[in-house]
Structure formats: structure tokens, C-alpha cells
Amino acid sequence: MNFGYKIHEITVRYTYLYFLFFIFWDSQPSKLSPRALELLTNKDNLRLLSVVSLWEIQIKQQLGKLKLNKTLPEIIILQQNNYIEILPITVDHILALDSLPMHHKDPFDRLLIAQANIENAVLISCDSVFANYSVKLEW
């Protein structure tokens, strides 16, 4: 299977970076806010799914803290088929961590904030700690 960074030709209105909540889109859409569901389903937006989220899901699943209806590879393929781009971690993302205050100790969340800022994306999350950072948020 090839899970490379795949670009689709779309007209972009806004760029959104999804936190872990994308997994509810298929299995439990009622757990998403109406606004998050609207942004997730709007194909006019560039919708990004970070490797950071996939990494965290894999760890939580392996530790037994997360049960999925589909395998992680199936979820990734489904997201790519829905024109959601996989966002890799770059050196710029990692270097941006240095400028973030330590409001949040979770390394996955801090990296998502750095990615959202570097990519000029709106982070889709209901995590209230994110509001302590200079990052665009929606929920």
C-alpha cells in the first residue's frame, strides 16, 4: 500500500487541519459538532490529516485505549478517497515547536499546533487547551 502525500486538483477556499475527530466522520458523525462536520464534508476546502494524528491513533489503538470500526490502513485510504490530504511532518513543523509556549505538554498536540501555524490552516478541535495558543481554531 502506498500512503504517500497525494495532491488533488481542487479549488481551495480554506485550509483545515483535522485533529483526531476525523475518525468519527465514518463511524460516529454525531460526535462531531455541526460546524466540524460541515467543514469536513466541504470539498471546496483543503482538508489535511496530519501524520501526527495517525501516529497517535496507532499508539492509542495498540495500547487498547481506542477501538476502531475499520483498520488504520482502511481509514487512511477512505480519507484519501474523500480528498483529504495526508500532511507529513517537516523540519519547519518541528522547528516551530521552539516558539510555542508550554501551555500544553502533549507532544502530539503541540506538533499539530505548529503544523496548523506553518501551513496557515485552521485546526479543527474541541480541546480547550488549544485556545491558549496563537492558532486558528474551529469546532
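**Exercise 1. The surroundings of W55**

State the relative accessible area of W55 and classify the residue as buried, partly exposed or exposed.

*Solution.*
Step 1. The relative accessible area of W55 is 46%, and W55 is therefore partly exposed. The classes are buried (under 20% relative accessible area), exposed (over 50%) and partly exposed (in between), with a 1.4 Å probe and protein chains only. The model is predicted: local features need pLDDT of at least 70, side-chain atom pairs count only at pLDDT 80 or more, and totals for chains, interfaces and linings use all residues. Residues are numbered from 1 along each chain as its sequence is written, and side-chain values use heavy atoms, with hydrogens and water left out.

Step 2. W55 belongs to helix α3. Helices (H or I, at least four residues) and strands (E, at least two) are DSSP runs, numbered from the N terminus.

Step 3. Together with I89 and I94, W55 forms a nonpolar patch on the surface, whose accessible area is about 280 Å² in total. Patches consist of residues with over 30% relative accessible area and no salt bridge; like charges are joined within 9 Å, and nonpolar side chains (Val, Leu, Ile, Met, Phe, Trp, Tyr) within 5 Å. Accessible areas come from the Shrake-Rupley method with a 1.4 Å probe, and for residues only the protein chains shown count as cover.

**Exercise 2. Aromatic pairing**

How many aromatic pairs does the structure hold, and what is the geometry between W55 and F108?

*Solution.*
Step 1. There is one aromatic pair in the structure.

Step 2. This pair joins W55 and F108 edge-to-face, at 5.2 Å centre to centre and with 85° between the planes. Rings of Phe, Tyr and Trp (its six-membered ring) pair if their centres lie within 6.5 Å; planes under 30 degrees apart are stacked, over 60 edge-to-face, and the rest tilted.

Step 3. W55 lies in helix α3 (residues 51–62) and F108 in helix α6 (residues 107–118), so the pair ties together parts that are 53 residues apart in sequence.

Step 4. F108 has a relative accessible area of 15% and is therefore buried.

**Exercise 3. Salt bridges**

Identify the salt bridges of the structure and state which residues are linked in a network.

*Solution.*
Step 1. The structure holds three salt bridges; each is a side-chain nitrogen of Lys or Arg within 4 Å of a carboxyl oxygen of Asp or Glu.

Step 2. R35 and E38 form a salt bridge of 3.1 Å, N to O. Both residues belong to helix α2 (residues 34–41) and are three residues apart, about one turn of the helix. R35 is partly exposed at 29%, and E38 is partly exposed at 43%.

Step 3. R35 also meets E138 in a salt bridge, at 3.2 Å, N to O. This pair links distant parts of the chain, with E138 in strand β5 (residues 137–138) and R35 in helix α2, 103 residues apart. E138 is partly exposed at 24%.

Step 4. R35, E38 and E138 are thus linked in a network of salt bridges.

Step 5. K60 pairs with E56, the closest N and O atoms being 3.7 Å apart. The two residues lie in helix α3, four residues apart, about one turn of the helix. K60 is partly exposed at 31%, whereas E56 is buried at 6%.

**Exercise 4. The environment of H93**

Is H93 buried or exposed, and which residues are in contact with H93?

*Solution.*
Step 1. H93 lies in helix α5 (residues 91–96) and is buried, at 0% relative accessibility.

Step 2. Neighbours within four places in sequence left aside, the contacts of H93 (heavy atoms within 4.5 Å) are L87, P88, L111, A114, Q115, I118 and E119.

Step 3. The side chains of H93 and E119 make a polar contact of 2.8 Å. A polar contact is a pair of N or O atoms within 3.5 Å; within protein, one must be able to donate a hydrogen and the other to accept it, and residues adjacent in sequence count only if both atoms are side-chain atoms. A polar atom of the H93 side chain also lies 3.5 Å from the backbone oxygen of P88.

**Exercise 5. Positive phi values**

Locate Y83 and N120, and give the phi value of each.

*Solution.*
Step 1. Most residues other than glycine have a negative phi.

Step 2. Y83 has a positive phi near 60°. Y83 is placed in the loop between α4 (72–81) and β3 (84–87) and is partly exposed at 35%.

Step 3. N120 has a positive phi of about 55°. N120 sits in the loop between α6 and β4 (122–124) and is exposed, at 52%.
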